[in-house]
Amino acid sequence: MCGIVGYVGPRAAVSPLVEGLSRLEYRGYDSAGVAVLNGKGVETRKLAGRIAGLRDLLERMPVHGSCGIGHTRWATHGAPTERNAHPHTDCTGTIALVHNGIIENADVLRKRLEQDGHVFVTDTDTETLVHLIEESPGATLEERVIAALHHVEGTYGIAVLAEADPQKIVVARRGSPVLLGVGDGEFLVASDASAVLGHTRSVVYLNDGDVAVVTPAGYRVLDGDAREQERSIDDIEWDLDAIALGGYPHFMLKEICEQPETVQSTLRGRLLVAEGTARLNGLKLTPEQCRAIRRIVIVACGTSWHAGLVGRHVLEELVGIPVSVEYASEYRYRQQLHVPGTVTIAISQSGETADTLEALRAAKAAGSTALGLVNVVGSTIAREADGGIYLHAGPEIGVASTKAFTSQVVALLLLGLHLGRQRELPEAEGRRLVAELMRLPELVARTLTVEPAVRALAELYADARNALYLGRGINFPVALEGALKLKEISYVHAEGYPAAEMKHGPIALIDENMPVVCLAPKDAVYPKVISNMQEVKARGGRIIAITSEGSGDLRGLAGHQIAVPATPPLLAPVLTVIPLQLLAYHIAVLRGCDVDRPRNLAKSVTVE
Ligand code: G6P
């Protein structure tokens, strides 16, 4: 949510800034801007719209200088206009700042600053920060930034430059990620690693509360009281190809099609065939600690929450302990009842979702062990959790999550296997599950062969105005995820429902204009789902059935049938979700939607 980039070094800053911003655009894309120290002062260029527009603007009206900051915005306070676009400047126009996060006491600060004579020109909360820095005491920019931040409540990742302190960028973070890219005689700052990868693989992830000072000579990390801090340099594990389209028309399609490899990456090195278990060293749990777990709470948002719902089935079955799955945003504001032996698992692709992070912190504060199931290495949730499982699915750029979901489910299966084997799960069952998991990448690849059939379906249903997704048991969360995919990228209203619950309300909506996607792989509730499909058919609904190979011909009941390979039921969601991802994708394309940048959404939601 909002992307930040900065460059200081020997080269013209604009090129790495614009390149970095275009890689961060998935984080927010309603407006953009840069500020550069041009040798005389601060010069800004900004506009409402995309990075491509900013690039054009900079060609028409270039800015010159080798120290600059840039921003791509997802509006929180104030409409997405040129005036509200970052960078923001102080009254003198000599300090410029970009910000990701929300300043919660902005109204109070603004009133006070206005009374002191500061003139505000935007509707943003961010502008208060730059005026605060303007009036804060200090001999250096970092001293002024540190002094200003003492007055701030809320979350921020910021980058600041000032005419009085040329060739220097000061960054700070609390609740929103910032990292430093360490190059050869040049340095970048960014809200995520993709923005710096074109220049360096070496990064320093800042901790909450850090302030860093970056110049061409090097960087220093300070705490909120200006004391020097040591931070390690990490290597980015992936390369630029991972964030390029690679011949695909959209990142979403690329990421759907990558799933055989991403599922494989999540499994890699973790399956122990002979022992029938999974090796998960990152959990940092001893066998005794695994056996002492009494309850698991999963906190997550969006697609990750759906993976958590699948995880409940997986963990309850394999580990045999109760699991609850909570919307992180709701959980964090409820009273935390400490139940001894509780493990809280935060599931997050980005590792930065504000609500999920805060829910994890609340659980930790209440005495729970905190685990993270995270994709982005070095992200805040990954670093604050006591242990966890990295998904290793590679960067996910499409705003609608796809490959992260399947990797999350696979990671939950590994977790279930690992914990289960430390408890009651028999070795033979463990071995069977290991064998099935090893087949999974190949089955995912076979599932992707349904794409032409799904595309044909999309053509038939692209004009539908509503859709219903039904599933039972472990496939009910898949119904929720299918509906979410459709609504978020094609703007078609869609609802996911437990198939049997449909008759308590949504059945009233069913007529010949209502496509109803029914998840019906062969499992214990298959006959029940068939009965629910009969109820839909009796009311004229148009059924698209997602079944598994060998589950029989449903023609006569379903208008369309898409079969995925057969698996044990616990693994089925990894496959049944794929036709739904493809259906949403093709419907969105046919409707002319901007698949990778759906309106109003952002990838990494660092505000609550
Ligand atoms: C946003 C994204 C979703 C994602 C959710 C949670 O809403 O658009 O695709 O599922 O955030 O994100 P996380 O990074 O925590 O998994």
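Here a biologist and a modeller talk through a predicted model.

Biologist: Let's start with Ser-265. Why does Ser-265 count as buried?

Modeller: Buried means under 20% relative accessible area. Ser-265 has 17% relative accessibility, so it counts as buried. You can find Ser-265 in helix 7, residues 259–267. Leaving out residues up to four places away in sequence, Ser-265 touches Leu-391 and His-392.

Biologist: And what makes Asp-523 buried?

Modeller: The cut-off is again under 20%. Asp-523 is at 18% relative accessibility, and therefore Asp-523 counts as buried. Asp-523 sits in the loop between strand 25 and helix 17. Apart from neighbours within four places in sequence, Asp-523 is in contact with Asn-475 and Pro-569. Have a look at Ile-474 too: it is 49 residues from Asp-523 along the chain, yet their C-alpha atoms are separated by 9.7 Å.

Biologist: That loop leads to helix 17. How do you know that the reach of helix 17 is close to what is expected?

Modeller: The expected span is 1.5 Å times one less than the number of residues. Helix 17 covers residues 526–538, which is 13 residues, and the expected value is 18 Å. From its first C-alpha to its last, helix 17 reaches 18 Å, close to that expectation. After helix 17 comes Gly-540, with a positive phi near 85°.

Biologist: Which residues of helix 17 are buried, and why are they said to be on the same side?

Modeller: The buried ones are Tyr-526, Val-529, Ile-530, Asn-532, Met-533 and Val-536. They cover an arc of only 160° around the axis, so they lie on the same side of helix 17. Here is a handy rule: an α-helix has 3.6 residues a turn, so residues three or four places apart point the same way. Strand 23 (466–471), strand 25 (515–520) and strand 26 (542–548) are included in what covers the buried residues of helix 17.

Biologist: Those strands belong to a sheet. Why are strand 24 and strand 27 called edge strands?

Modeller: The open sheet has five strands in the order 24-23-25-26-27, paired in parallel. Strand 24 (493–498) and strand 27 (560–564) each pair on one side only, and they are the edge strands. From one strand to the next, the twist averages 20°.

Biologist: How do you know that strand 23 and strand 24 pair?

Modeller: Pairing takes at least two bridges. Six bridges join strand 23 to strand 24, and the two run parallel. These six bridges therefore meet the cut-off for a pair. As an example, Tyr-469 has Gly-496 in strand 24 as its bridge partner.

Biologist: What packs on this sheet?

Modeller: Helix 15, residues 451–461, packs there and touches strand 25, strand 26 and strand 27. The direction of helix 15 makes about 150° with that of strand 27.

Biologist: What makes the buried residues of helix 15 line one face?

Modeller: In helix 15, the buried residues are Glu-451, Val-454, Leu-457, Ala-458 and Tyr-461. Down the axis of helix 15, they fall within an arc of 115°, so they line one face of the helix. On the other side of helix 15, Glu-459 and Leu-460 are exposed. The buried residues of helix 15 pack against helix 6 (251–257), strand 25, strand 26, strand 27 and helix 18.

Biologist: We met Tyr-469 as a bridge partner. Which residues have the most contacts inside the largest nonpolar core?

Modeller: Tyr-469 is one of them, alongside Ile-296, Ile-298, Leu-315, Ile-345 and Leu-437, in a core of 91 residues. Helix 18 (residues 572–590) gives the largest share of this core, 11 residues. Another core, of 31 residues, lies apart from it, and includes Ala-32, Val-34, Leu-47 and Leu-57.

Biologist: One more sheet, please. How do you know that strand 11 and strand 15 pair?

Modeller: At least two bridges are needed. Strand 11 (residues 202–205) and strand 15 have two bridges in the antiparallel sense, so they meet that cut-off. Ser-202 stands opposite Asp-235 in strand 15. The open sheet they belong to has eight strands, ordered 3-2-4-1-10-9-11-15, with antiparallel pairing. Strand 3 (42–48) and strand 15 (234–235) are its edge strands, each pairing on one side only.

Terms used: Residues numbered from 1 in each chain as written. Predicted model: local features only at pLDDT ≥ 70, side-chain atom pairs only at ≥ 80, totals over all residues. Heavy atoms only, no water. Helix = DSSP H or I, 4+ residues; strand = E, 2+ residues; numbered from the N terminus. Buried < 20%, exposed > 50% of the residue type's maximum accessible area, 1.4 Å probe, protein only. Arc of directions from axis to C-beta. Contact = heavy atoms within 4.5 Å. Axes fitted to C-alpha atoms, helices over the stretch in contact; angles between N-to-C directions. Core = buried A, V, L, I, M, F, W, Y, C linked by side-chain atoms within 4.5 Å.
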